[in-house]
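Student: I'd like a close look at one spot in this protein. Please start there and work outward.

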Amino acid sequence: MINRDLILNFTGVYDEMSFHEKADFEMLDCRNISGTAMYVDADGEDAIRKKIAPYGPGGIHFIDNGNYHYVTRFFLEKIEGPFDLLVFDHHHDDQEPMIAGLRSCGSWIRDVKEDLGDKVNSVTLCLGANEIERTGRPDPSLPIYISIDKDVLSADVVKTNWDQGDMTLPEMIDILKSEMKDRKIAGVDICGECAEKDSMFNPAEVSTNEAADKALADFFFHNLRGEKVAKKRKKKKKTALGVFFGVFFRLFAIITIVTCILGGIFLWYFYDHYIKEYDKEAKELVENSTRNDFKRVEPTYIYDVDGNVIMKLREEGDAAYLSYADIPQYAVNAFIAVEDRTFWKNPGYDIGGIVRVLFYYIRTKGVEKHGASTITQQLAKNVYLSSEVSITRKLREILISRYLAEKYSKQDIMEFYVNNIYFANQYYGLEAAAQGYFGKHAASLSLSEVAYLCAIPNRPAYYDPVKYPDHALTRRDKILGDMLEEGLISQLQYDQAVSEKINIMETSGSELKDYQATYAMDCAVRYLMKLSGFSFQYTYADSTEYENYESLYNEMYEEQKELLYSGGYKIYTTLNSVYQEELQEALDEVLSFDTEVTESTGAYALQGAVTAVDNSNGKVIAIVGGRTNPGGASNNLTLNRAFQSFRQPGSSIKPLIVYAPALENGYYPGSIVQNIDVTTAKKKGVNALTLSGTPMTMRSAVENSINGCAWQVLANISPKTGIKHITDMEYRKIVPDDYNLAASLGGLTKGVTTAEQAAGYSTLANHGSYRGQTCISSIKNADGEEIYVDSDPVQVYTSQAADTMIDIMKGVVTKGTAKKMGWYTDQTTEAAGKTGTTNGSKDGWFCGVTPYYSVAVWVGYDTPRELASLYGSSYPASIWKQCMSALIDGESTASFYLPDKMEEASLTAEKYLPGRDASEELYAGYTVGDYRNDHNIGDAVSAVLAQMGALSRLTDPNYDADIAALYSQCAASIAGVKDASYAAELQSQINTAYAVAVAKVN
């Protein structure tokens, strides 16, 4: 689009224009022309006037083109600048069309430059398509624009060339290209055959009748615009900053308008599809409500797989209902002061509070996000809604609150609120809390005690009087300060209350005492967290992110735990109470030799944990969190070590983060791995991949739990690759510091649990498919609605890697570190597993599977210490054998179904000359089997030579000795090569590699 403060000069005869030339003229958008006159050839006047007249600001006059150059110049001298100039030019002489156009441009520019100076910002030349099409332009229907700005007009190089008057066309084109290097000229490059000609650029001759030209210019000046033109305000040239802000504000205005339109559409859609429906639901819900809705605090039940009640999470009588008249006035005033100061006058919600919280939320980038919920809203959420953090939940909360405030009195709402809120430790309502924490009725509480209790519901987990009495004390003082500020208590009352000592009863609080119940509750709480939108995380950028996540996790966990206790849920599990007793008996019996008791807890010092998973569905069927206490006492069972105690796993982690991942990354059971010296490998600056050791197959390394092999294999595939598999299986406490080679031996910062390990091994048994960590089969809410859905399986390992890993671990039981367990002395069902022992024998593990079940066992002290006789193959393996035997008792003999197991024959024995019998002779006395053996040795030699080549004098202080050792290792290996020529070939390779290594300077 052309937009200029301009004099439009059109030359040529309109009636003689070609089709394309006329199209060029018609497409010229004259609505944006703000100039004062047009000079066109007299021919074709009517057609041109019809096109231009509606937009011309001062009238149109036509003259012949003979003297147009000077007439225009004199006309422009009368107009105050600066302005832009456009030339629309056609030529039909005998010269090349492009040359004619450029010549005209040159004449104009020369005149403008010499006579008008700074009055002109820029000049634009529009050359007609008819002239361009003959130069080979692909699309002749569009004009070409050449723009030249004022800076170029005043450039010395241009001035010199034009003053000489003998510029060639290529020179002219070069200057135009240079000036337009950052511009696009309708997508056309000025080139073609005309650019190759050496025509001279000679400005056209013009009239020398200067007096006549001036008179004609004066005539047009006064007749078109008169003195108004002369007095035209000089336009202020825009600066770059001005242009930027102009564009910015226009763009901002457009964005604002579009945003408002889209926002309006969204609000209309949201109202039509959600608000109306939610409003209808809220109205019906409250209309149908009765006072009993706010007295219903139902217990939650947990059931085992047979439908037997494992635990009732809340006893009858835990909550004692108070009528409004019986609620201490201090409590009413305390809640109003700290939770909802507009309570007595708001309609159930506080718009000002919502706006205020949104403002602080935005200002603090989401850090400050609490508040804005009135007492009525909190009541609506506690009774009718979940704790889901979402806009729709908040909207429903506000709508329900509105109708509650219309139906019930403020006294009713306060009564409902005080009796429904949670005071931690399974106390619901002020009366239950008063009796539980202070041993007296609410009516007998002092002002200080009331404020102390009123502090708890804000964050029951944080203000728990039993766990964190000082936290609640701090908030008590804040509440008292708010009451004083609101004039609800006097200064004297405040002073006495803040100085009063709070004494909580020692028997306050209650926790679950059953291992099955604690685990089932944990699984249910985590599922409620998921429903509430909590985003679980298993990998962290750094320790700070981990700590922040743990804090957020714990807070959300406690919130959902509170809801679980009073929500009236029915939790159905896969836990088998018969199996539970058998596993508990196995743990107690094997560890019965140690009778040391920890004085502070009354529990045995030597402890253990067991978790059993059903491989058919991936669900936990039994979980033992510790030994039965002396005398059968049930106290202190609140610590369920099976899922709450994170311990170092030792070598039991190797199949999960080292060997199964290695099988996915090019290894196979017969791969030769090196048993390097771990002590050397741990030294600063040592590359484990350059170290050599005793070569063995990977299968043998697993069976015998060789640490050096695991260390080097993980170094090869990388800790990140290996550890990713267990974070994909939701191992909870894998921190950034764990991504190192020590993890190959179980050296983890926090550790793992038997629940996690049992799930991990079950994943291997299920061909690499992870099913989750839970014992939940169903959760029904208080209305009997099913709210539980199993998570989808995740393929953590390839089926080939998982099946092969199970096959390898079968050897651990038959001839490896767990051979002494004697599994097959009593059983015929196949078993596979892995032992684990940490440094100093502080932790012992055995994790194993049968086709039916996966079981993980840990033995150790709560405070780690050495037990000389503790190994993975000792007590843990014995417990595992007894537990697994009990689980499969009555089951038919079964073997692992491993359809994707790597076939060792095709990958090792038949790697060379596949499909041929090993006894086949290739030549006299030399068989296919000999050939395969020779070349397997050759592969091992090649691997050692690669290590030799990777060594560097800069990083290896024992470089020469290490090179010599590797040489000796290779030389010894080829002694077993039967084919003399192949042995000689290998020896040559060894000698060459050694010579190169010795000659290295760095």
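Where is Asn576 found?

Tutor: First, a caution: this is a predicted model. Asn576 is found in the loop between β10 and α23. Is it buried or exposed? Asn576 counts as buried, because its relative accessibility is 15% and the buried class means under 20%.

Now look at what surrounds it. Set aside the neighbours within four places in sequence. Asn576 is then in contact with Val305, Gln516 and Ile621. Val620 is worth locating too. Asn576 and Val620 are 44 residues apart in sequence, and their C-alpha atoms are 9.0 Å apart in space. The side chain of Asn576 also has a backbone partner. That side chain reaches the backbone nitrogen of Val578 at 2.9 Å.

Step back to the strand on one side of this loop. Strand β10 covers residues 570–573. In a regular strand, side chains alternate between the two faces of the sheet. In β10, Ile571 and Thr573 form the covered face. Lys570 and Tyr572 form the uncovered face.

Which strands pair with β10? One is β8, residues 301–303, which pairs with β10 in the parallel sense over 3 bridges. There, Tyr303 has Tyr572 of β10 as its bridge partner. Another is β18, residues 776–780. β10 and β18 run antiparallel and are joined by 4 bridges. In that pairing, Thr573 has Ile776 of β18 as its bridge partner. Tyr572 belongs to the uncovered face of β10, and Thr573 to the covered one.

On the other side of the Asn576 loop comes α23. This helix spans residues 577–590, and a loop leads from it to β11. Go on to Glu596. Glu596 forms a salt bridge with Arg865, with the closest N and O atoms 2.5 Å apart. Glu596 lies in the loop between α23 and β11, while Arg865 lies in the loop between β22 (853–861) and α33 (875–888), so the pair ties together parts that are 269 residues apart in sequence. Glu596 is partly exposed, at 35% relative accessible area. Arg865 is partly exposed too, at 34%. Elsewhere, salt bridges that share partners join Arg341, Lys478, Asp482, Glu485 and Glu486 into one network.

Two more salt bridges have a buried member. Asp477 and Arg476 form one, with the closest N and O atoms 2.8 Å apart. Arg476 is buried, with a relative accessible area of 2%. Asp477 is partly exposed, at 28%. The side chains of Glu449 and Lys440 form another, at 2.9 Å from N to O. Here the acid is the buried member: Glu449 has 10% relative accessibility. Lys440 is partly exposed, at 29%. The count for the model comes to 28 salt bridges.

For another buried loop residue, turn to Ser652. Ser652 lies in the loop between α24 (641–644) and α25 (654–664). Its relative accessible area is 0%, which means it is buried. The side chain of Ser652 makes a polar contact with the side chain of Gln757 at 3.2 Å. Leave out residues up to four places away in sequence. Ser652 then touches Gln757, Tyr761, Lys834, Thr835, Gly836, Trp845 and Cys847.

The surface offers a contrast to these buried sites. Phe248, Phe249 and Phe252 make a nonpolar surface patch of about 330 Å². Phe249 sits in helix α11, residues 240–287. Phe249 is partly exposed, with a relative accessible area of 48%.

Finally, set the site in the whole protein. There are 37 helices and 24 strands. Buried residues make up 50% of the 1002 residues, and Asn576 counts among the buried. Take the contacts with a separation of 6 or more. Residues 24 or more positions apart account for 73% of them. The protein exposes about 45,900 Å². Carbon and sulfur atoms supply 51% of that area.

Note on methods
Residues numbered from 1 in each chain as written. Predicted model: local features only at pLDDT ≥ 70, side-chain atom pairs only at ≥ 80, totals over all residues. Heavy atoms only, no water. Buried < 20%, exposed > 50% of the residue type's maximum accessible area, 1.4 Å probe, protein only. Helix = DSSP H or I, 4+ residues; strand = E, 2+ residues; numbered from the N terminus. Pairing = 2+ DSSP bridges. Salt bridge = Lys/Arg side-chain N within 4 Å of Asp/Glu carboxyl O. Patch = residues over 30% accessible without salt bridge, like charges linked within 9 Å, V, L, I, M, F, W, Y side chains within 5 Å. Areas by Shrake-Rupley, 256 points an atom, 1.4 Å probe, with all protein chains shown as cover. Contact = heavy atoms within 4.5 Å. Polar contact = N/O pair within 3.5 Å; in protein donor to acceptor, adjacent residues only side chain to side chain.
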